[in-house]
Amino acid sequence: MWTILLLVSSAVAATVTYDFNITWVTAQPDGFSRPTIGINGQWPIPHITATVGDRVIVNVNNQLGNQTTALHFHGLYMNGTAHMDGPVGVSQCSIPVGGSFVYDFHIKQPGTYWYHSHDSGQYPDGLRGALIINDPDSPYKDQYDEELVLTLSDWYHDQMPGLIRRFMSYANPTGAEPVPDSALMNDTQNLNINVEPGKTYMFRIVNMAAFAAQYLWFEDHTMRIVEVDGVYTEPAEAKMIYLTPAQRYSVLITTRNNTSTNFAIVGSMDQDLFDAVPDTLNPNVTGWLVYDKAAPLPTPILIDAFDPFDDFTLIPHDRLPLLQDVSRTIQLDMKMDNLGDGANYAFFNDVTYTRPKVPTLYSALTTGEMATDVGVYGSSTNSFVLGHGEVVEIVLNSLDPGKHPFHLHGHEFQAVVRSAEEAGVYVNNETMPEIPMRRDTFMVRPNGNIVLRFRADNP
């Protein structure tokens, strides 16, 4: 349940309150029945919706009975309220079984986001949903007739604790990730979206997947990209987009004037990510733009190749120039390797992350002058201490043949370099764009590199 309390100040804002009892429910979005984590006895879980300037309060009660939990509001910077960010071991402890936690923060940014569990790889069991922040001052507010939310996700029939144990095991020394059993669109399959002719719809698209990126296209319709990860962009036309897990797009689609035909919406999981593709896997999920309910739903047209829009070419609407005068460069060399237990782990600079017993934020707030000593955060947290206001450049070299998305909490990146596949490590030989595109989640190509800049303005 949720309530809205209006507040009167120099501008009208609202306090938006959600009461979330996190429980187990049974769901079968692809026809296979399994235990799923729901909210207030329901799944799919509700969207969180607010407006810039609002205060959001989420009262969470953990009624799972057998697992701890926590919520992260992905993409919200939480500037000034870092203790509300949600990652267990970083900004809070887990919410124990039977325990409660109140998330309380103000909305300072518009856009398309999502919220999800950030505890022990839990969210693919169902605890993830869209988070939509409306903007009365959107530069595109007069260019569409209706908003629609479209979520994509992969889906597993087995629960995460068992999958993770098998994945992080000596029996899986190559680190082959579990392949999903199916793909979902708005947490279902064969989705029908009723549309009217000659109207423009803004689709807020979120990939809530655990692992699989997806290609997405609307047959015989053109998308105009106007936002990625909360950053308004100059309009850019696209026939197909590619979304890694955690990426979001807002696109404008103008429907056709003829209502005689319905059109397929196709999401297709990127099978390059899978070490082996089971014969039983259908990597696609299909929905339809329904102009006429009496007309047939056409079979999607086969395509010869995937050719998605290159998000690196997007231009932010605010045209923020390239951040200059870099204060600090951090090089992160990412690889996958085995430890003595035989399991496969991810490493930055030959260090694999181990969650500290004391959340990192708590250590920063309680160690006084020692807070600037990276040693207080643990040798296996790979911590870096930044100065407030510094322009930070991250050079991320992927020493792995897979595609990998990377996300930074509390900030958005400028993407100033992104290499082709197999380009190797960055050698500082690229011309950087005057107005780089920005988002909070980027994909690094196989055995490639990416250079990112941000200002450390969120202590």
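Is Val97 buried or partly exposed? With a relative accessible area of 42%, Val97 is partly exposed, since the buried class ends under 20% and the exposed class starts over 50%. The model you are looking at is a predicted one, and Val97 is a good place to start exploring. You will find Val97 in the loop between β6 and β7. Now look for Asn172: Val97 and Asn172 are 75 residues apart in sequence, and their C-alpha atoms are 31 Å apart in space.

From that loop, let us step into the strands beside it. Phe73 lies in strand β6, which covers residues 71-74, and Tyr103 lies in strand β7, which covers residues 100-106. How are the rings of Phe73 and Tyr103 arranged? Their centres are 5.3 Å apart and their planes meet at 75 degrees, so the pair is edge-to-face; the cut-off for that label is over 60 degrees. Because the two residues sit in different strands, β6 and β7, this pair ties together parts that are 30 residues apart in sequence. Both Phe73 and Tyr103 are buried.

Tyr103 also pairs with Phe101, and here the arrangement is tilted, with 4.6 Å from centre to centre and 50 degrees between the planes. Tyr103 counts as buried because its relative accessibility is 0%, whereas Phe101, at 22%, counts as partly exposed. Add Phe105 to the picture and you have one aromatic cluster made of Phe73, Phe101, Tyr103 and Phe105. Across the structure there are 17 aromatic pairs.

Rings can have charged partners too. The charged end of Arg34 sits over the ring of Trp155, 5.0 Å from the ring centre. Elsewhere, Arg439 lies over the face of Tyr249, at 4.9 Å from the centre of that ring.

Next, turn to helix α1, residues 160-167, whose buried residues are Met160, Gly162 and Leu163. Why do they lie on the same side of α1? They cover an arc of only 165 degrees around the axis, and so they share one side of the helix. It helps to remember that an α-helix has 3.6 residues a turn, so residues three or four places apart point the same way. Arg166 forms a salt bridge with Asp158, and the closest N and O atoms are 3.1 Å apart. Both partners are partly exposed: Asp158 has a relative accessibility of 41%, and Arg166 has 47%.

That is one of 21 salt bridges in the structure. Which side chain does Lys403 meet in a salt bridge at 2.7 Å, N to O? The partner is Asp270. This pair links distant parts of the chain, as Lys403 is in the loop between β23 and β24 while Asp270 is in the loop between β19 (263-269) and β20 (284-290), 133 residues apart. Lys403 also meets Asp272 in a salt bridge, at 3.5 Å from N to O. Asp272, too, is in the loop between β19 and β20, and is 131 residues away from Lys403. How covered are these three residues? Lys403 counts as buried because its relative accessibility is 16%, and Asp270 counts as buried at 2%, but Asp272 counts as exposed at 61%.

The loop that holds Lys403 also holds Leu399, between β23 (391-398) and β24 (404-407). Leu399 is partly exposed, with a relative accessible area of 43%. Together with Val425 and Val427, Leu399 makes a nonpolar surface patch of about 250 Å².

Let us finish with the backbone. Most residues other than glycine have a negative phi, and most peptide bonds are trans. Asp229, in the loop between β15 (223-228) and β16 (231-238), has a positive phi near 50 degrees. Asp229 counts as buried because its relative accessibility is 1%. This residue also belongs to a network of salt bridges, whose other members are Arg248, Asp310, Asp311, Arg418, Arg439 and Asp440. You have already met Arg439 over the face of Tyr249.

Asn186 has a positive phi as well, of about 50 degrees, and is found in the loop between β11 (182-185) and β12 (191-194). At 27% relative accessibility, Asn186 counts as partly exposed. Finally, find the loop between β3 (34-39) and β4 (48-51), where Pro44 is located. The peptide bond from Trp43 to Pro44 is cis, with omega near 5 degrees.

Technical notes
Residues numbered from 1 in each chain as written. Predicted model: local features only at pLDDT ≥ 70, side-chain atom pairs only at ≥ 80, totals over all residues. Heavy atoms only, no water. Patch = residues over 30% accessible without salt bridge, like charges linked within 9 Å, V, L, I, M, F, W, Y side chains within 5 Å. Areas by Shrake-Rupley, 256 points an atom, 1.4 Å probe, with all protein chains shown as cover. Salt bridge = Lys/Arg side-chain N within 4 Å of Asp/Glu carboxyl O. Helix = DSSP H or I, 4+ residues; strand = E, 2+ residues; numbered from the N terminus. Buried < 20%, exposed > 50% of the residue type's maximum accessible area, 1.4 Å probe, protein only. Phe/Tyr/Trp six-rings, centres within 6.5 Å; stacked < 30°, edge-to-face > 60°. Lys NZ or Arg CZ within 6 Å of the ring centre and 35° of its normal. Arc of directions from axis to C-beta.
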